Amino acid sequence: MARAKRREKQIMLVLSMENHEKFLTIAINTAKQARANGNHPFGAILVDANGQILLEAQNTVVTEHDCTGHAETNLVRKASKKYREDFLAKCTLYSSTEPCAMCSGAIYWAGVGKVVFALSEQGLLGLTGSNKENPTLDLPCREVFARGQKEIEVIGPMMEEFAKTVHQGFWSR
């Protein structure tokens, strides 16, 4: 009986990882769209507990002339207008890159229950260096969430090499 339970947990973990990879790929493709639209290459999606994609958002910093137009902040802004916090607590935000401190704050205040990201903040810093368009705060989202009173599960980094591809050549232009 215990062996069967362990096997079931292993299967669920594999399915969960496959879902995470599927949704992160969509978030990374959304980041590609942001770049094609003239913005910084970041994307995010919101998925409900049943695995349905509810919302997508791109970075709009350049085209909207808004320094707060990060993909996650844009997504959370839409989500908090459309859904109640108790619903968002059961949702997962997938991001092409680890949410920055500002976006982590927005995710926290909206009440999203889980964050899964591809490229880490450190990985991004390695790509952007001292580029003035992305003065990276070296503050992982886990640390921001840990200071709050709500528990937010964080998974990542995952698929970092694939996530880096959308940034190739962008920060050195």
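Trainee: Hi! Which helix gives the most to the lining of the second largest pocket?
Mentor: That would be H1, with four residues. Keep in mind as we go that this is a predicted model.

Trainee: Got it. Which elements give two or more residues to that second pocket's lining?
Mentor: They are helix H1, which runs over 2-36, and strand S3, which covers 92-97.

Trainee: And how many residues line the second largest pocket?
Mentor: There are 16 in its lining, and Asp48, Ala49, Thr92, Tyr94 and Lys114 lie nearest the centre. By class, the lining divides into six nonpolar, seven polar and three charged residues. The space in this pocket is about 220 Å³.

Trainee: OK, what volume does the largest pocket have?
Mentor: Its volume is about 380 Å³. The lining is made of 22 residues, and those nearest the centre are His70, Cys100, Asn134, Pro135 and Thr136. Helices H2 (71-82), H4 (101-110) and H5 (121-128) are the elements that give two or more residues to this lining.

Trainee: How many nonpolar, polar and charged residues are in the largest pocket's lining?
Mentor: Eleven are nonpolar, six are polar and five are charged.

Trainee: Let's look at one residue. Where does Thr128 lie?
Mentor: Thr128 is in helix H5.

Trainee: Why does Thr128 count as buried?
Mentor: Its relative accessible area is 6%, and buried means under 20%, so Thr128 falls in that class.

Trainee: What does Thr128 touch?
Mentor: Leaving out residues up to four places away in sequence, Thr128 touches Asn134, Thr136 and Trp171. You have met two of those names before: Asn134 and Thr136 are among the residues nearest the centre of the largest pocket.

Trainee: And Trp171, which residue does it form an edge-to-face aromatic pair with?
Mentor: With Phe170. The ring centres are 4.7 Å apart, with 80 degrees between the planes. Both Phe170 and Trp171 are buried. Together with Phe42, these two form one aromatic cluster.

Trainee: How many aromatic pairs does the count come to?
Mentor: Five. There is also a ring with a charge over it: the charged end of Lys150 sits over the ring of Tyr108, 4.9 Å from the ring's centre.

Trainee: Switching to loops. Where is Gly38?
Mentor: Gly38 is in the loop between H1 and strand S1, which covers 43-47. Gly38 is partly exposed, at 40% relative accessible area.

Trainee: How far is Gly38 from Val62, in sequence and in space?
Mentor: They are 24 residues apart in sequence, and in space 6.9 Å from C-alpha to C-alpha.

Trainee: Any backbone oddities? What about the peptide bond from Gly156 to Pro157, cis or trans?
Mentor: That bond is cis, with omega near 5 degrees. Pro157 is in the loop between strand S5 (153-155) and helix H7 (160-164). Met159 is found in the loop between S5 and H7 too, and it has a positive phi of about 55 degrees although it is not a glycine.

Trainee: What about His65, what is its phi?
Mentor: The phi of His65 is positive, about 50 degrees, although His65 is not a glycine. His65 lies in the loop between strand S2 (53-58) and H2.

Trainee: Last one! Why is His65 classed as exposed and Met159 as partly exposed?
Mentor: Exposed means over 50%, so His65, at 74% relative accessibility, counts as exposed. Partly exposed is the class between buried and exposed, and Met159 counts as partly exposed because its relative accessibility is 23%.

Note on methods
Residues are numbered from 1 along each chain as its sequence is written. This is a predicted model: local features need pLDDT of at least 70, side-chain atom pairs count only at pLDDT 80 or more; totals for chains, interfaces and linings use all residues. Side-chain values use heavy atoms; hydrogens and water are left out. On a 1 Å grid over the protein atoms alone, a cavity is a set of points where a 1.4 Å probe fits but cannot get out, and a pocket is an open set with protein on both sides within 12 Å along at least five of seven lines; lining residues have an atom within 4 Å of a point. Grid points are joined across faces, edges and corners, and a volume is the space filled by probe spheres set on the points. Ala, Val, Leu, Ile, Met, Phe, Trp, Tyr, Cys and Pro count as nonpolar, Asp, Glu, Lys and Arg as charged, and the others, Gly among them, as polar. Rings of Phe, Tyr and Trp (its six-membered ring) pair if their centres lie within 6.5 Å; planes under 30 degrees apart count as stacked, over 60 as edge-to-face and the rest as tilted. Buried means under 20% relative accessible area, exposed over 50%, partly exposed in between (1.4 Å probe, protein chains only). A charge sits over a ring if NZ of Lys or CZ of Arg is within 6 Å of the ring centre and within 35 degrees of the ring normal. Contact means heavy atoms within 4.5 Å.
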